[in-house]
Amino acid sequence: MPAPAPDLPRQAILAFIEEERAAGREPGRRDIAKAFGLDAGGKIWLKRLLRELEDEAHVDAAEDGSPVRKHSALPAVLLCEIKSRDREGDLVAVPLEWNETDQGEAPKILIETGRPSRSRRAGPAVAAPGIGDQVLLKLSRLRGTTGISWSGRVLKIMGKGKAQVLGIFRALPDGSGRLIPVDKKAQGREALIPKGQTGDAQDGDLVSVSLRREGRFGPPEARVRERLGSLKSERAVSLIAIHAHGIPNQFSPAALAEAESAPKATLAGREDWRDLPLITIDPADAKDHDDAVHAAPDEDSDNPGGYVVTVAIADVASYVRPGSALDREALERGNSVYFPDRVVPMLPERISNDLCSLRGGEDRPALAVRLVLKADGSKKGHSFHRILMRSAAKLSYQQAQAAIDGQPDETTAAIRENILMPLWAAYGVAARARDARQPLDLDLPERKLILKADGSVDRVIVPDRLATHKLIEEFMILANVAAAETLEKAGSLLIYRCHDEPSLEKMRALGEVLASIGIKLPKDAALRPVLFNRILKMIKGSENELFINEVVLRTQAQAEYVAENYGHFGLNLRRYAHFTSPIRRYADLVVHRALIATMKRGDDGLPKATTLAELREVATRISAAERRAMAAERETTDRLIAHFLADQIGASFDGRIAGLNRAGLFVKLDGTGADGFVPASTLGADYYRHDEAAHALIGERSGESWRLGDRVHVRLVEAAPVAGALRFELLSEGRTVTSNRSFKKAARPLAARRSMARPGRAKPGRKR
């Protein structure tokens, strides 16, 4: 019989290992057991826990007496791209989506080759991968000193890579051309395209080329493989990101045929809710409307002060059947991608903008959840229904807010008292439970690019954050929780939306940043969202407010889709699933199908033969698609702003240091939010060293320092709109910090620091 687990969190074990390592000691299993006072049963539990932590790539587990080493963790299974080969000819991969500004240099992963060991469970054969392929890897740690700390076993090849380089074709008078690469890292490394190898490319086209020759001297030669579109046309900047990230943007004829032939849903097999005055509240420029809401006081005498809130979501599952061409296309996309100049939808417009758009006055199929809230905002109960509805009104957030504030227009005047004000009252009730739950409350303004008719940037704005935004968000969260609860209770498989707590490394880094502005992070405080909310409240209204909000955001783990639940840290919820946007997210479609199957309300639900392993793979794929979309959206915004600033070379701007590494500083400008780079070589006549603990670049001789979050004044010296890259020159001076211990230490000459270093003393009985 397994030993019972002590009342001891895993994080406490990891924290102890980290503290011992920081003190120069190497704790073994016996040391850990002694430190926590574990008895014989607890030691058995510890042995099992350390094996689990090694399987999850949190530690290098060990036998008794040997040290247990903690290391920075990557997920046990990760989607990666094979980038190169090492000196031995073995393939090397990196995580597919990795932000070096926030996360540092991407870890390299050695692809395992050869026959699997006997201890490894046999699996299906996997085709040989190659450079450029996207692969799903099972990770494990390497203990060698080759500079590569991870190895990966290929579970599946998710996409075959294309031996291609993307760039802008520039025609030369002699009929040849040159390629300006779109990758920021490749800036300045142009390729020559000989006459006769330019295909049908015209000046200014986005093209895909294959490199033909690359010598030690001079630029490489290339051949145009494909003309992808002209960047001279309107609203075409997003083409770069679409092709660079391999985002599918053309539907197959089979998928389009299915969409066009789909009949409108009828009342058959549905409850008739067309008399319930549900309304949609969306952005003013929204083209599809997939959620509608209604609220009314609960007439049950056992629930005084309570409300009944109804959330209805477009029934996409009735049109997108499992295994159909539409379903395969939706899974490949994973989600819709929203660029400033276009949308790449997950589903064809016939589905997203017509059959499943909850238009006012038109019959539409929906899945609805009826939520009964108590006066304190807690949920008394809920139920799901498959319905036919008819939206009573289509409102924008601004329109609804104005009516609630007592300034209705012609549309909202008729529905203010009987529809909008009950919704507002129900939100007030729901907000009580939200405030008691204390989810993470970050306040980061979201910039929006307003484009001209030609697709260039007219201006950058930060839209107002209205109470009606929060109203809809809160009701959607309640519906998502109800979906997860219903499916869990029924024993159904589903895809969860999960968010892990911050890692110990990130918490330590946050503590160091807070210490630099005089705020101490409690070491013994429980790791809950309320801890971060207290910090954010302390800096509210100060000059550090935006900076600390951004640092807290970076401290958080990345949310993901999983088939096995581990909770949502940011929302402070034990179970959470995405249910409210099946038009634009495949995860929501899976949840809809699971609900339909659970309710036994049709033959278009989740197939009975669906396995947990299949949903794990779906969750991994759509999580990767989400990260792909985020990267593509961010890069497109960067390119548009770089175009916007390209004619302002020499102008100066105020900003803040948003990131740094040994190569230099990343600066975010006020107003536009544009990101640019200041090379370390341009900072001054000193050698600037990157001190990770201090989050700073520090001059060896002068002690002059530049720290994360510092306000700076910069001059724009170069703009590369195609790559979305800006280069700045620093105009303001650094500072020599003497009040912070880490800065003092970092400012000492390197030789002096080495001479002062002492090996950690081992406690009696500890083995090194």
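## Helix α7, tucked away

Let's start with helix α7, which runs over residues 325–333. In this predicted model, the helix is mostly covered, with 7 of its 9 residues buried. Which residues of α7 are buried? They are A325, L326, D327, E329, A330, L331 and R333. So what covers them? The cover includes four other helices: α6 (253–261), α8 (349–355), α15 (586–599) and α16 (612–645).

Now look at what comes after the helix. α7 is followed by G334, and the phi angle of G334 is positive, near 80°.

## V337 and S352, two buried residues

A little further along the chain you'll find V337, which sits in strand β17 (residues 337–339). Is V337 buried or exposed? Its relative accessibility is 3%, so V337 counts as buried. If you skip its neighbours within four places in sequence, V337 is in contact with I247, R342, V343, V344, A629 and E633. Try finding R584 as well: V337 and R584 are 247 residues apart in sequence, yet their C-alpha atoms are 8.4 Å apart in space.

Next is S352, in helix α8, one of the helices that help cover the buried residues of α7. S352 has a relative accessible area of 4%, so this residue is buried too. Leaving out residues up to four places away in sequence, S352 touches D288, L347, S357 and I583.

## Helix α14 and its cover

Helix α14 covers residues 545–555. Of its 11 residues, 8 are buried, so the helix is largely enclosed by the rest of the structure. You can pick the buried ones out by name: E545, F547, I548, N549, E550, V551, V552 and T555. The cover over these residues includes helices α12 and α13, along with strands β26 (652–661) and β27 (664–669).

The two covering helices deserve a closer look, and each gets its own section below.

## How α12 meets α14

Helix α12 takes in residues 504–516. How do the axes of α12 and α14 cross? They come within 9 Å and cross at roughly 165°. An angle over 145 degrees counts as roughly antiparallel, and that is why α12 and α14 are described as roughly antiparallel to each other. The crossing of α12 past α14 is right-handed.

Which side chains should you look for here? On the α12 side, the contact involves K506, M507, L510, V513 and L514. On the α14 side, their partners are F547, I548, V551, V552, R554 and T555. Sorted by class, the contact residues come to 8 nonpolar, 1 polar and 2 charged.

## How α13 meets α14

Helix α13 (residues 529–538) packs against α14 at an angle of about 165°, and the axes are 10 Å apart. That angle makes α13 roughly antiparallel to α14. The crossing is right-handed here as well. From α13, the residues making the contact are F532, I535 and L536. From α14, they are I548, N549, V552 and T555. This contact has 5 nonpolar and 2 polar residues, with no charged ones.

Notice the names that come up in both contacts. I548, V552 and T555 of α14 meet α12, and these α14 residues also take part in the contact with α13.

## A strand and two loops

For a residue with some access to the surface, try K138 in strand β6 (residues 134–141). Its relative accessibility is 31%, so K138 counts as partly exposed. The C-alpha atoms of K138 and G152 are separated by 5.3 Å, while the two residues are 14 apart along the chain.

Two loop residues have a positive phi without being glycine. One is Q438, with phi near 60°, in the loop between α10 (416–437) and β22 (448–451). The other is N572, with phi near 55°, in the loop between β25 (560–562) and α15. Q438 is partly exposed, with a relative accessible area of 32%. N572 is also partly exposed, at 31%.

## Stepping back to the whole chain

How many helices and strands does the chain have? The count is 18 helices and 33 strands. The chain has 768 residues, and 48% of them count as buried. Among contacts between residues at least 6 apart in sequence, 66% join residues at least 24 apart.

Finally, there's the outside. The accessible surface of the chain is about 38,100 Å², and 49% of that belongs to carbon and sulfur atoms.

Terms used
Residues numbered from 1 in each chain as written. Predicted model: local features only at pLDDT ≥ 70, side-chain atom pairs only at ≥ 80, totals over all residues. Heavy atoms only, no water. Axes fitted to C-alpha atoms, helices over the stretch in contact; angles between N-to-C directions. Parallel < 35°, antiparallel > 145°, perpendicular 65-115°, else oblique. Left-handed = near helix turned anticlockwise from the far one by under 90°. Contact = heavy atoms within 4.5 Å. Nonpolar A, V, L, I, M, F, W, Y, C, P; charged D, E, K, R; others polar. Buried < 20%, exposed > 50% of the residue type's maximum accessible area, 1.4 Å probe, protein only. Areas by Shrake-Rupley, 256 points an atom, 1.4 Å probe, with all protein chains shown as cover.
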